[in-house]
Amino acid sequence: MSNNPSENNDNKVTGKAKSRGPSLRIETAGDIPEEKLARVAAKFAKVNEIDDYRLVIEKRDDLIGGFIIYFQGSRYDYSVKGQLNRIGAFIKRTRSFDSLEGSEASRKAVSQEDFPATKVKDDLEKALEKFPESHYLSIENAEILSLSDTELDKLIEDVFLFQEHKDEIGKVASISDGVASVTGLSNCMANELISFASGATGIAMNLEKSKVGVVLLTGEDTVIESMTCKRTMTTCSVPVGMGLLGRVVDALGHPIDGKGVIRYTEERPVESPAPTIIQRAPVNTPLFTGITAIDALTPIGRGQRELIIGDRQTGKTSIAIDAIINQKNEDVICVYVPIGQKMANIVATAGLLEKHGAMDYTVIVAASASESAAMQYVAPFAACAIAEKFMYDYHKDVLIVYDDLSKHAQAYRAISLLLRRPPGREAYPGDVFYLHSRLLERSAKLSDELGGGSITALPIVETQGNDISAYIPTNVISITDGQIYLSPELFFSGQRPAVNVGLSVSRVGGAAQTKAVKKVAGPLRISLAQAREMASFSQFGSDLDENTQLQIKRGVVLNEVLKQERFSPLTMAAEVVLLYCATTDKFNFLATEDITEFYEDLFADIRLRHPNIFEEISDGKVLTDEIRSEIDSAYDEFKESFLAEHEEYVEDD
């Protein structure tokens, strides 16, 4: 519907038609007499201290009843249609059955069987009772017609003073590649959500003196030049709460998994300040990934930010998915954020998590490659807002995976260049460091006074040609608390996960390990480094002394036990037993290709004959001398039976 008076044959200029004052425009359904509208305009001018104006009346059949007043870039909506829209938006985010919040039922999609028509009707009635607006905000035509001039003046003056539902209106000056230049929004805030007449929405990212640069989130194809838009007085927000668990949503929290609507009672702004130093607690609780190489060498603590970095196709996403799957019985909620990936890959990942029972405690916030750069830019911030709800209000531990921040930075670069911001190194804008720092700093372990919840972040960054000194990798490395570097050479040589021990580090270190893991993992890094160094000498083919041969063999064994198939996480107790046996040279008699089979059979034997070993390690999280002797005894028993069955094995002296 055009807002231009010249395009409507029913438009009439009345009142002070010859005045050169500003235009005061009233849109109406057409069944209110002009003299009544003129009286409304006069009272409006008196309330707002307008001395001179030109009244323009337009007819709009879609208003149903009531009227809308436009004056100097502001809109005062007292139509029935406007109030119905506000009621609809209110009901969408309101749920009267609050007893479901935090229960198992709220974690599942709302179905017709769960909420029959009578239940929905009762919920709607309860929601309408909570609607904050008076019905006087939409004055019906019949009501106005029945009032005398004196009564109309009293209604106007006493009930709606033209300030209760005021909108600031702007106009699209130009639109190109999903970025609109808007004039008339002189009071617009940074990152404010802008609503367009076509239903499209966008974020105000550039605030200039004469115009506002708005990046469109939705409805990019529907926005045209001269279209009106309005401020929403709010920043971009997403639905949060237990109702999102098990769902796949887009960057604005809308479901895209075909499982129906998501019921929610609260929204959180996508941008919020990080916890202060006083609000934080030390990172001292381990978050086990089930991957021995990571839990032993680069341990991750709850509240830590550990970067996963490497070239494409080196297993970065696999490590993150394994970590999510391993949280099944750990009371950790997971949020996975695929950015710029093919939708087929996102669907496959969701199916994988579903297969392993991980979707029950996971939310996927997807911004696929087909989405706009703006949606890819918003996605990780929206996911962090969802995670913050669980951390602050439910006092939960949350694991969030950003996959990956390289594509996120590229999306932000595209937006910044379209907004004509000056480019810097590699054409990225100057604030690309701040982009990721304000995101990752929101991950923390909260103090006990705030409930002790945490957000653990696993950002992923893709490198080109092993170059970790590029702009985005160095930025994110400097923000995070360590990195897991995956080497293509190790990956293609069969060492998977391809963790490069020399370049990987955890700045939290042993503080995020149990005493048992710390004890057996202590000599691991040194043994691997010594074996690497000695292996370089063995290439010359010279005779090696016994000690050198032992170091090389130990390195081969350790590399073999650190190999792990996808989706086969180990418990903490199993990792301790495995590393204890490997670092005490118990696997040295085996051929390299038989080590994995041997220790898997050993674990099965321990679970069957000595289940107390795993239980004692899990409960006490300490490797005592008694437990060591029990492991030694169980190992000796199994080795004896193993050698009896495999007579071809001869102990290597």
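Which residues make a nonpolar surface patch of about 250 Å²? The patch is made by Ile 256, Met 343 and Val 347. This is a predicted model. The points below cover helix 1, the loop that follows, and the surface patch.

**Helix 1**
- Helix 1 covers residues 34–47, which makes 14 residues.
- At 1.5 Å a residue, helix 1 should span 20 Å. Its end C-alpha atoms are 20 Å apart, so the expected span and the model agree.
- Several of its residues are buried: Lys 36, Leu 37, Val 40, Ala 41, Lys 43, Phe 44 and Ala 45.
- An α-helix has 3.6 residues a turn, so residues three or four places apart point the same way.

**After helix 1**
- Glu 49 comes just after helix 1 and takes a positive phi of about 55°.
- Ile 50 lies in the loop between helix 1 and strand 3, which covers 54–59.
- Ile 50 has a relative accessible area of 14%. Buried means under 20%, so Ile 50 counts as buried.
- Neighbours within four places in sequence aside, Ile 50 is in contact with Phe 44, Ala 45 and Phe 71. Of these contacts, Phe 44 and Ala 45 are buried residues of helix 1.
- Ile 50 and Pro 22 are 28 residues apart in sequence. In space, their C-alpha atoms are 9.2 Å apart.

**The surface patch**
- Met 343, one of the patch residues, is found in helix 8, residues 343–355.
- Is Met 343 buried or partly exposed? Its relative accessibility is 36%, so Met 343 counts as partly exposed.

Note on methods: Residues are numbered from 1 along each chain as its sequence is written. This is a predicted model: local features need pLDDT of at least 70, side-chain atom pairs count only at pLDDT 80 or more; totals for chains, interfaces and linings use all residues. Side-chain values use heavy atoms; hydrogens and water are left out. Helices (H or I, at least four residues) and strands (E, at least two) are DSSP runs, numbered from the N terminus. The expected span of a helix is 1.5 Å times one less than its number of residues. Buried means under 20% relative accessible area, exposed over 50%, partly exposed in between (1.4 Å probe, protein chains only). Patches are made of residues with over 30% relative accessible area and no salt bridge: like charges are joined within 9 Å, nonpolar side chains (Val, Leu, Ile, Met, Phe, Trp, Tyr) within 5 Å. Accessible areas come from the Shrake-Rupley method with a 1.4 Å probe; for residues, only the protein chains shown count as cover. A salt bridge is a side-chain nitrogen of Lys or Arg within 4 Å of a carboxyl oxygen of Asp or Glu. Contact means heavy atoms within 4.5 Å.
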